[in-house]
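The following exercises ask the reader to derive structural features from the coordinates. Each task is followed by a solution that proceeds step by step.

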Amino acid sequence: MNALTRYRKHENHLLDYDGLAHLMYLMQAISFLFGGIPFVTAVFLNYLNIHHVKGTWLESHYRWQLETFWVGLVVVLLGLATTPFLIGFPVLFVAVSWVVYRIAYGWFILNRSQEIKTISKFPLV
């Protein structure tokens with residue numbers, strides 16, 4: 001066993017999941033350029049790794065990202081369904097603005113290594 005393996009074996013992997021949270025925020029941000037595929041990939045990564053951050057300050061970011069995706073998806077679908085009635089365009093504008101805000105706010109707080117203290121209004125997410 002080399003020195004790197006011994007070091008990594010006992011290292012606290014919280015920094016790895018912090019980096020993954022940064023990557024997922026980046027994927028959410030670039031999803032506007034790539035049709036949402038990076039957003040779906042970020043959600044998949046989130047579900048695969050959320051159990052590793054249970055009980056840590058990073059759990060709030062992982063939950064924040066999941067909530068952003070699911071609520072954003074529902075509101076965007078609602079906006080798309082109501083575009084023939086012309087109300088869909090303001091709904092889509094609000095949905096996109098809300099998602100951009102959530103990505104920016106969450107990433108800003110993550111850069112400060114702080115927990116998101118906002119209580120979820122969607123506890124089923």
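**Exercise 1. Overall organisation**

Among contacts in the protein chain between residues at least 6 apart in sequence, 65% join residues at least 24 apart. The model is a predicted one.

Task: determine which secondary-structure elements the protein chain has, and in what order they run.

Solution.
1. The protein chain has five helices and zero strands.
2. Read from the N terminus, its elements follow the order α-α-α-α-α.
3. Of the 125 residues in the protein chain, 35% are buried.
4. The accessible surface of the protein chain is about 8,000 Å², and carbon and sulfur atoms account for 72% of this area.

**Exercise 2. The faces of helix α3**

Task: compare the span of α3 with the expected value, and establish how the buried residues of α3 are arranged about its axis.

Solution.
1. Helix α3 covers residues 37–49, a run of 13 residues. From its first C-alpha to its last it reaches 19 Å, close to the 18 Å expected at 1.5 Å a residue.
2. The cut-off for a buried residue is a relative accessible area under 20%. In α3, this class comprises P38, F39, A42, V43, N46 and N49.
3. Viewed down the axis of α3, these buried residues fall within an arc of 145°, and therefore they line one face of the helix.
4. On the other side of α3, I37 and F44 are exposed.

**Exercise 3. The largest nonpolar core**

Task: identify the residues with the most contacts inside the largest nonpolar core, and state which helix gives the most to this core.

Solution.
1. The largest nonpolar core has 21 residues. Those with the most contacts inside it are Y17, Y25, V53, L58 and Y62.
2. At least two residues of this core come from each of α2 (14–30), α3, α4 and α5 (88–111).
3. The helix that gives the most to this core is α2, with six residues.
4. For Y17, leaving aside its neighbours within four places in sequence, the contacts are N49, H52, V53, L58 and Y62.

**Exercise 4. Acidic residues in helix α4**

Task: decide whether E67 and E59 are buried or exposed, and find what each of them touches.

Solution.
1. E67 is placed in helix α4, which spans residues 58–81. Its relative accessibility is 8%, so E67 counts as buried.
2. The side chain of E67 makes a polar contact with the side chain of R102, at 3.1 Å. R102 is one of the buried residues of α5.
3. E59 is also located in helix α4. With 16% relative accessibility, E59 counts as buried.
4. Apart from its neighbours within four places in sequence, E59 is in contact with V53 and K54.

**Exercise 5. Helix α5 and its surroundings**

Task: list the buried residues of α5, then describe the contacts of V99.

Solution.
1. Helix α5 has 24 residues and reaches 34 Å from its first C-alpha to its last, close to the 34 Å expected at 1.5 Å a residue.
2. The buried residues of α5 are G88, L92, A95, V99, R102, I103, G106, I109 and L110.
3. V99 has a relative accessibility of 7% and therefore counts as buried.
4. The C-alpha atoms of V99 and F69 are separated by 7.9 Å, although these residues are 30 residues apart along the chain.
5. Leaving aside its neighbours within four places in sequence, V99 is in contact with F32, F39, T68 and G72.

**Exercise 6. Loops and backbone angles**

Task: locate H51, L86 and S113, and report the phi values of L86 and S113.

Solution.
1. H51 is placed in the loop between α3 and α4. A polar atom of the H51 side chain lies 3.3 Å from the backbone oxygen of L48.
2. The C-alpha atoms of H51 and Y62, eleven residues apart along the chain, are separated by 9.8 Å.
3. Most residues other than glycine have a negative phi.
4. L86 has a positive phi, near 70°. This residue lies in the loop between α4 and α5, and L86 is exposed with a relative accessible area of 61%.
5. S113, just after α5, takes a positive phi of about 55°. S113 is partly exposed, with a relative accessible area of 46%.

Notes
Residues numbered from 1 in each chain as written. Predicted model: local features only at pLDDT ≥ 70, side-chain atom pairs only at ≥ 80, totals over all residues. Heavy atoms only, no water. Helix = DSSP H or I, 4+ residues; strand = E, 2+ residues; numbered from the N terminus. Expected span 1.5 Å × (residues − 1). Buried < 20%, exposed > 50% of the residue type's maximum accessible area, 1.4 Å probe, protein only. Arc of directions from axis to C-beta. Contact = heavy atoms within 4.5 Å. Areas by Shrake-Rupley, 256 points an atom, 1.4 Å probe, with all protein chains shown as cover. Polar contact = N/O pair within 3.5 Å; in protein donor to acceptor, adjacent residues only side chain to side chain. Core = buried A, V, L, I, M, F, W, Y, C linked by side-chain atoms within 4.5 Å.
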